[in-house]
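The following exercises are to be worked through with the sequence and the coordinates at hand. Please attempt each task before reading its solution.

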Amino acid sequence: MIRSTSIALVCALSAWQAQPAFAYIKFGVPAGGRTVTLKWSQTPRYFVTTDTVPGVSAADFQGAVARAFATWEAVPTSTIAYQLAGTTSARPTEDDGSSVLGFLDRPDLDRVLAATDFVIDVTTGALIESDIFFNSAFQWSTAGEASRFDLQSIALHEIGHFSGLGHSALGETELREGGGRRVIAAQAVMFPIAYAAGSTEGRTLKADDIAGITDIYPTSDVNATLGSISGRVTKDGQPVLGAHVVAFDPSDGSMVGGFTLNNQGSFSIGSLSPGPHIVRVEPLDDADTDSFFSATARVELNFRVMFVDRVIVVPRGGDSGSVAIAVIGK
Ligand SMILES: [Zn+2]
């Protein structure tokens, strides 16, 4: 019997609450005494619900979900693939060995559009099951109707989690009257705050999402063709945890983010296109930090946005070499 554990990650896609974020991150899970990347070791099979909600038939749901899976599968630098196993009346939260996408009525979760959870093999870290629920307390559409959330967009985000991706911090928000945040723009489907109802902007993957899925499931030639930027962020000589580091490629305008994730303040952003990049470091200020880090992490927020004062060249098949970045308090 496989020892497994069910983990409910803080990866609910928020309707309007700001949840903080990283540039793309992979989930690390403790397994066999070490931390391993959460990923599928074989093609995941998924079931879709036969339940319906107003405005979304079972066929609509299956179609929207299939398009979202196909969008991730179409990333040319990634090998991820998924297999539809069939339809089911099982609930998406039962730990029954079957990955299920479906609806749950959770009016108590009044800021959670959808969420993904996992069952993992705690000895290897391999994913065994991942369920996605969409909160039927909200209004849904598969046709981009006004005032309804776009099921395909939200599914695309949740399937990113299903595949092992965490949140990205590449988004801008503004505070709303009465609390929460509104998204102005997001350079990642994995940004933790959804576009408003009626928007279908979340149906398209961005460079950050593509780098993230490539990092977890690279094709065999990726290591020879793409590169990375690594470095270390300090403030007053001390390492900074939770700094958001963004690599901008001026040749195509793409942005890929990463975070300093350890006590040394070091970061590494992989799956970048070779060539010159502009690197920016900023505090996590467009979402709540616990969308990205554990609640107990001492994430540094008190520093000014800064650009590295030289162009960082990503070598083909290699790393930039450690980039030292000293930030300054606000
Ligand atoms: Zn999420």
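The exercises below go from the whole chain to single residues.

**Conventions**

The model is a predicted one: local features need pLDDT of at least 70, side-chain atom pairs count only at pLDDT 80 or more, and totals for chains, interfaces and linings use all residues. Residue numbers start from 1 along each chain as its sequence is written.

**Exercise 1. The chain as a whole**

Task: State how many helices and strands the chain has, and what percentage of its residues is buried.

Solution.
- Step 1. Helices (H or I, at least four residues) and strands (E, at least two) are taken as DSSP runs, numbered from the N terminus. On this basis the chain has four helices and 22 strands.
- Step 2. A residue is termed buried if 20 or more other C-beta atoms lie within 10 Å of its own, exposed if 12 or fewer, and partly exposed in between, with C-beta atoms placed from the backbone. Of the 330 residues, 45% are buried.
- Step 3. Contact requires C-beta atoms, placed from the backbone, to lie within 7 Å. Taking contacts between residues at least 6 apart in sequence, 74% join residues at least 24 apart.

**Exercise 2. The nonpolar cores**

Task: Identify which residues touch the most other members of the largest nonpolar core, and explain where this core lies with respect to the domains.

Solution.
- Step 1. A nonpolar core is a set of buried Ala, Val, Leu, Ile, Met, Phe, Trp, Tyr and Cys residues joined through C-beta atoms within 7 Å.
- Step 2. The largest core has 72 residues, and those touching the most other members are Val-65, Leu-151, Ile-154, Ala-155, Val-233, Val-245 and Leu-272.
- Step 3. The core lies between domain 1 (4-214) and domain 2 (224-327), because both give residues to it; the domain bounds come from an automatic or database domain assignment.
- Step 4. A second, separate core has five residues, among them Trp-40, Phe-118, Ile-120 and Leu-127.

**Exercise 3. The packing of H1 and H2**

Task: Describe how the axes of helix H1 and helix H2 are arranged, and which residues meet.

Solution.
- Step 1. Two packed helices are described by the angle between their axes and the distance between the axes.
- Step 2. The axes of H1 (residues 58-73) and H2 (residues 151-162) come within 8 Å and cross at roughly 45°. Axes are lines fitted to C-alpha atoms, for helices over the stretch in contact, and angles run from 0 to 180 degrees between N-to-C directions.
- Step 3. H1 is therefore oblique to H2, given that angles under 35 degrees count as roughly parallel, over 145 as roughly antiparallel, 65 to 115 as roughly perpendicular and the rest as oblique.
- Step 4. The crossing of H1 and H2 is right-handed, that is, the near helix is turned clockwise from the far one by less than a right angle.
- Step 5. Residues of H1 including Phe-61, Val-65 and Trp-72 meet residues of H2 including Leu-151, Ala-155 and Ile-159. Leaving aside residues up to four places away in sequence, Ala-155 touches Ala-64, Val-65 and Ala-68.
- Step 6. Phe-69 also lies in H1 and counts as buried, because it has 23 C-beta neighbours inside 10 Å. With the same exclusion of residues up to four places away, Phe-69 touches Tyr-82 and Ile-159.

**Exercise 4. Two serines with positive phi**

Task: Decide whether Ser-147 and Ser-271 are buried or exposed.

Solution.
- Step 1. Ser-147, a residue other than glycine, has a positive phi near 70°. Its place is in the loop between strand S10 (140-141) and strand S11 (149-150).
- Step 2. Ser-147 counts as exposed because it has 9 C-beta neighbours inside 10 Å.
- Step 3. Ser-271 is likewise not a glycine and has a positive phi of about 55°; Ser-271 belongs to strand S18 (residues 266-272).
- Step 4. With 24 other C-beta atoms within 10 Å, Ser-271 is buried.

**Exercise 5. Separation in sequence and in space**

Task: Find how far apart Ser-168 and Ser-291 are in sequence and in space.

Solution.
- Step 1. Ser-168 is in the loop between H2 and strand S12 (171-175), and is buried, with 34 C-beta neighbours inside 10 Å.
- Step 2. Ser-168 and Ser-291 are 123 residues apart in sequence and 9.2 Å apart in space, C-alpha to C-alpha.

Notes. Contact = placed C-beta atoms within 7 Å.
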